[in-house]
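I opened this entry to write down what I looked up, beginning with how the model is to be read.

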Protein chains: 2
Amino acid sequence: MTGEEEFLEGYDPGAYAPVAVTVDVVALTIRDGRLHVLLVERGGHPYAGWNALPGGFVQQEGLDAAALREVGEETGLRPGEGELDRVHLEQLRSYGDPGRDPRMRVFSVAYLAFAPSLPDPRAGTDAAGAFWMPVDEVGELAFDHAAILADGLDRARSKLEYTPLATAFVGTEFTIAELRAVYAAVWGEELHPGNFHRKALSVPGFVESTGETAARAGERGGPKPKLYRAGDARLLHPALLRPTREEDVR
Amino acid sequence: MTGEEEFLEGYDPGAYAPVAVTVDVVALTIRDGRLHVLLVERGGHPYAGWNALPGGFVQQEGLDAAALREVGEETGLRPGEGELDRVHLEQLRSYGDPGRDPRMRVFSVAYLAFAPSLPDPRAGTDAAGAFWMPVDEVGELAFDHAAILADGLDRARSKLEYTPLATAFVGTEFTIAELRAVYAAVWGEELHPGNFHRKALSVPGFVESTGETAARAGERGGPKPKLYRAGDARLLHPALLRPTREEDVR
DNA sequence: TTAATAGTGTCTATGAGACACTATATC
DNA sequence: GATATAGTGTCTCATAGACACTATTAA
């Protein structure tokens, strides 16, 4: 008998233990060449004073909408203001172990967000409690959020391989070196500049030239780099694979 | 303010509209060289008489456990009997649009299951209402289950590329031709026998030889094929990519 | 002037895919 | 014997990665 069929035999809302559904967001961005995640400090028990992923109840809205609302609330961005519209959001996975929240049964639908570099969440707003932290400095998190973050990082690293989502971390116009810095920050390893350059330009639809050149070169010299914008590809073919470590495979 | 923090200010279960959480399973298998999905016929309203994915309420258990329980109930298999243990289960994604169930807010965590060829669900058991149907004959489904099935098929096709999960569709010992038939059924296209054979053997940890040879060749002749079992790889490197269609990329 | 970077050229090893071929089995 | 299959050999083309090199810019 399916759950839906059970409804037909007279569903009594009070007959079941109450459950809640929340969304939690692993929002990633790159600042100063390092991968950061958006966190909030919890005010109350349990886990008072701990850091946690931003999240909240799903209201009368879809899951995607709830996740976007959470990102907006915690970053201080508003829909339609441009920057929030550039945030890439996708569902990560759901977590529902009994006991993951000590108070009641809470199911969390986790989302993964890729954002271009954003200002600090504004003081004096709802977002005042949120902040960006380098992912390699994140210690313990409330609830099972450390596991959610780890899953989000895995997904992000993998997504850079076969989708053009690295472009979600940079501005609308960017240099190949900026794009390479995204890969380096997310993967945690340097990439060969020459080979990366050729590869990025050779994958159809990954980037397209703006015809423009940056006004200045880097701080330590070099030619002025050309500017590109994101292309129309949804998948990278051939993929931009990271060096495979044997231990990942077995 | 996060959902968890709101709890602290005095959570009143009756203050929120009741929500339910179910699991729905896209269980796939291969019969007679064709990809099949496990369906149930709904007995009651809404969608009475429609086909639906098997699923039900999450009880006092984790999400994975709930999904495994549903698969067991609808296939008639029991934990520990062997066949159910060979079923590969992974979370697909969650669905929570308001209105996806006309009666109340229902969040569904969908799972994807890969099963070796199984007997028809046993008559006279809970599983009597379930049946395997070729995926290309599935018409409309109840609720948003058609979209869930489509997402599951996408995931399955993609998973065959970079994981050894094709081995979850065959017996513990199998021939390379059987493995190739899995790819052909899931991807919906024939593969070059010679190239597939060499590729399957060359990917480290994909398959390992049993040293045995099948007792009989195929019905239409040929040498007796060697038998293999699944290897210890969790990822295929290099991946076994399907031919790319340009329209998938843009 | 120094030093770093953008961008390109080239070489090699690897893998995908097309095609061909032999040996072996069933009907 | 006719025919299909298992398994292997070989050739070509595309790609990843190593390395080298030139031109250009900031400090």
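My notes below take the surface around one DNA strand and then a single threonine.

I am working from a predicted model, in which local features need pLDDT of at least 70, side-chain atom pairs count only at pLDDT 80 or more, and totals for chains, interfaces and linings use all residues. Residues are numbered from 1 along each chain as its sequence is written, chains are lettered from A and ligands numbered from 1 in the order in which they are written, and side-chain values use heavy atoms, with hydrogens and water left out.

**DNA strand C.** I looked up which residues surround DNA strand C and found 25, of which Pro223(A), Lys226(A), Asn195(B), Lys199(B) and Gly222(B) come nearest; a residue is near if one of its heavy atoms lies within 4 Å of the strand. Of the strand's atoms within 4 Å of the protein, I noted that 62% belong to sugar or phosphate and the rest to bases.

I then checked polar contacts (pairs of N or O atoms within 3.5 Å; within protein, one must be able to donate a hydrogen and the other to accept it, and residues adjacent in sequence count only if both atoms are side-chain atoms). Arg198(A) has a polar side-chain atom 3.1 Å from a base oxygen of DNA strand C, and Asn195(B) places one 2.8 Å from a base nitrogen.

**Thr75(A).** I found Thr75(A) to be buried because its relative accessibility is 7%, buried meaning under 20% relative accessible area (1.4 Å probe, protein chains only). A polar atom of the Thr75(A) side chain lies 2.7 Å from the backbone oxygen of Val71(A).

Technical notes. Buried < 20%, exposed > 50% of the residue type's maximum accessible area, 1.4 Å probe, protein only.
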